[in-house]
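Load the model in a viewer and keep the selection panel at hand. The stops below are meant to be followed in order.

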Amino acid sequence: MVDWLQSHAISALDLVIHNAGVGYVGDVAAQTEASIAELVNLNLWAPIALTHALYPLVRRIQGRFVYISSVAADLPGPRYAVYTATKAALDGFVRNWRAELAAEGAGVTAQLIHPGAVRTAMHEKSGADPAALGWARFPTAERVAAAIEETILHTRADATIGRANRLAQWGGRNLAPLVDAFVMRRQSPRIDLPVGGDPPYALVTGAADGIGRALAVTLGASGHWVMGIDRDAARSLRTQADILNAGGVAQYVTADLSTLAGIGVTVAAASDRPPFDVI
Ligand SMILES: NC(=O)c1ccc[n+]([C@@H]2O[C@H](COP(=O)([O-])OP(=O)(O)OC[C@H]3O[C@@H](n4cnc5c(N)ncnc54)[C@H](OP(=O)(O)O)[C@@H]3O)[C@@H](O)[C@H]2O)c1
């Protein structure tokens, strides 16, 4: 994109709107690896990467970045965990980055816009049933876009589109324990499995150093069998030896969890074991 802008002699940008998004829904366990990766890549990585790449052009004329988030970022709900995580993380990025921009004093601003549900094809494309959602009661894309444009033209402050959405967002932010408890109470358990293994089995990631190491050692001392995952093989072996020497049971697996291969190695190792009590 930067190449294209340069080849068209565009050397400055007033306004960048990060809007592209997907909204796959479904229980976390039922979602595919591909849809999880697409959600994180498009909804979170892309706006951060584009911000990084386009900042010099926006800075040149004190322009601004607008990020289309969602009220879902502040509201718990079944089947939206991954989508919501990307939007909540996007909010976190913008709030932190804005502080950097203020410190730099270059005049660039970053604005978060939170729409609620909109009557677009996103829901159907994402696997949700529009009829079950009561899709028809949502405002149209044109109405929401007009409200977003109005906001962008008149303020550089964050905004939430629609009074009911502002109220829901306020509740999600300020009454989180109550809202979470309310949502939990509305769910009815669908499975009935035995609770707790004997001995209890724990999997800890980042378990060769820092908090993860300390947790693995504590769990080992309290009778858990520990599987530790870390990318540092030497430190992993040392921690494993510490747990064994203290009379515990531990097995460490070397894996780089920032890669799909590392996730695969972890899943393969874990699938060979008794069920885990704690991950
Ligand atoms: N709809 C809602 O209820 C709602 C509520 C709150 C926030 N939002 C947010 O509003 C934004 C727009 O949503 P929308 O409802 O307008 O969705 P939409 O109707 O599906 O439109 C999104 C557009 O982005 C495109 N897109 C998807 N993946 C892309 C990719 N990898 N690279 C470039 N473009 C891509 C889509 O193309 P394809 O059709 O080919 O996928 C589509 O043209 C999203 O960030 C969404 O999270 C939506």
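The tour goes from the whole chain to its sheet, its core, its aromatic pairs and a few backbone details.

**Ground rules**

This is a predicted model, in which local features need pLDDT of at least 70, side-chain atom pairs count only at pLDDT 80 or more, and totals for chains, interfaces and linings use all residues. Residues are numbered from 1 along each chain as its sequence is written, and side-chain values use heavy atoms, with hydrogens and water left out.

**Whole chain**

Show the C-alpha trace first; along its principal axes it spans about 65 × 45 × 35 Å. Colour by secondary structure to see 11 helices and seven strands. Helices (H or I, at least four residues) and strands (E, at least two) are DSSP runs, numbered from the N terminus.

Next, colour residues 2–185 as domain 1 and 201–271 as domain 2; these bounds come from an automatic or database domain assignment. The C-alpha centres of the two domains lie 36 Å apart.

Of the 279 residues, 35% count as buried. Buried means under 20% relative accessible area, exposed over 50%, and partly exposed in between, with a 1.4 Å probe and protein chains only. A contact means heavy atoms within 4.5 Å. Among contacts between residues at least 6 apart in sequence, 64% join residues at least 24 apart.

**The four-stranded sheet**

Select β1, β2, β3 and β4. They form an open sheet in the order β1-β2-β3-β4, with parallel pairing; two strands pair if DSSP finds at least two bridges between them. β1 and β4 (159–160) stand at the edges with a single partner strand each, so one side of each has no neighbour in the sheet.

Zoom in on β3 and β4, which pair in the parallel sense over two bridges. Here I113 stands opposite A159 in β4. Now add α2: this helix packs on the sheet, touching β1 and β2, and its direction makes about 160° with that of β2. For that angle, axes are lines fitted to C-alpha atoms, for helices over the stretch in contact, and angles run from 0 to 180 degrees between N-to-C directions.

**The largest nonpolar core**

Which residues have the most contacts inside the largest nonpolar core? Select L13, Y55, F65, Y67, W97 and V108; the core has 19 residues in total. A nonpolar core is a set of buried Ala, Val, Leu, Ile, Met, Phe, Trp, Tyr and Cys residues joined through side-chain atoms within 4.5 Å. The elements that give two or more residues to this core are α2, β2, α3 and β3 (109–114).

Centre on V108. Leaving aside neighbours within four places in sequence, V108 is in contact with Y55, V58, R59, Q62, G63, F65, W97 and L101.

**Aromatic pairs**

Show the aromatic side chains. The structure holds eight aromatic pairs. Rings of Phe, Tyr and Trp (its six-membered ring) pair if their centres lie within 6.5 Å; planes under 30 degrees apart count as stacked, over 60 as edge-to-face and the rest as tilted.

Y55 and W97 form an edge-to-face pair, at 5.7 Å centre to centre and 80° between the planes. Y55 lies in helix α2 (residues 33–59) and W97 in helix α3 (residues 81–104), so the pair ties together parts that are 42 residues apart in sequence. Both partners are buried: Y55 has a relative accessible area of 15% and W97 one of 10%.

Move to Y201 and F276, also an edge-to-face pair, at 5.0 Å centre to centre and 65° between the planes. Y201 lies in strand β5 (residues 201–205) and F276 in the segment after α11 (260–271), so this pair ties together parts that are 75 residues apart in sequence. Y201 counts as buried at 7% relative accessibility, whereas F276 is partly exposed at 21%.

Return to Y55 and W97 and add F65, Y67 and F93; these five form one aromatic cluster.

**Backbone details**

Select D198 and P199, which are joined by a cis peptide bond with omega about 0°. P199 lies in the loop between α8 (176–185) and β5.

A9 has a positive phi of about 55° although it is not a glycine. A9 is in the loop between α1 (2–7) and β1 (15–18), and is exposed, with a relative accessible area of 67%. Q62 also has a positive phi, about 50°, and is not a glycine; its place is in the loop between α2 and β2 (64–68).

**Last stop**

Finish at Q240 in helix α10 (residues 233–245). Is Q240 buried or exposed? At 17% relative accessibility, Q240 counts as buried. Leaving aside neighbours within four places in sequence, Q240 is in contact with A250, Q251 and Y252.
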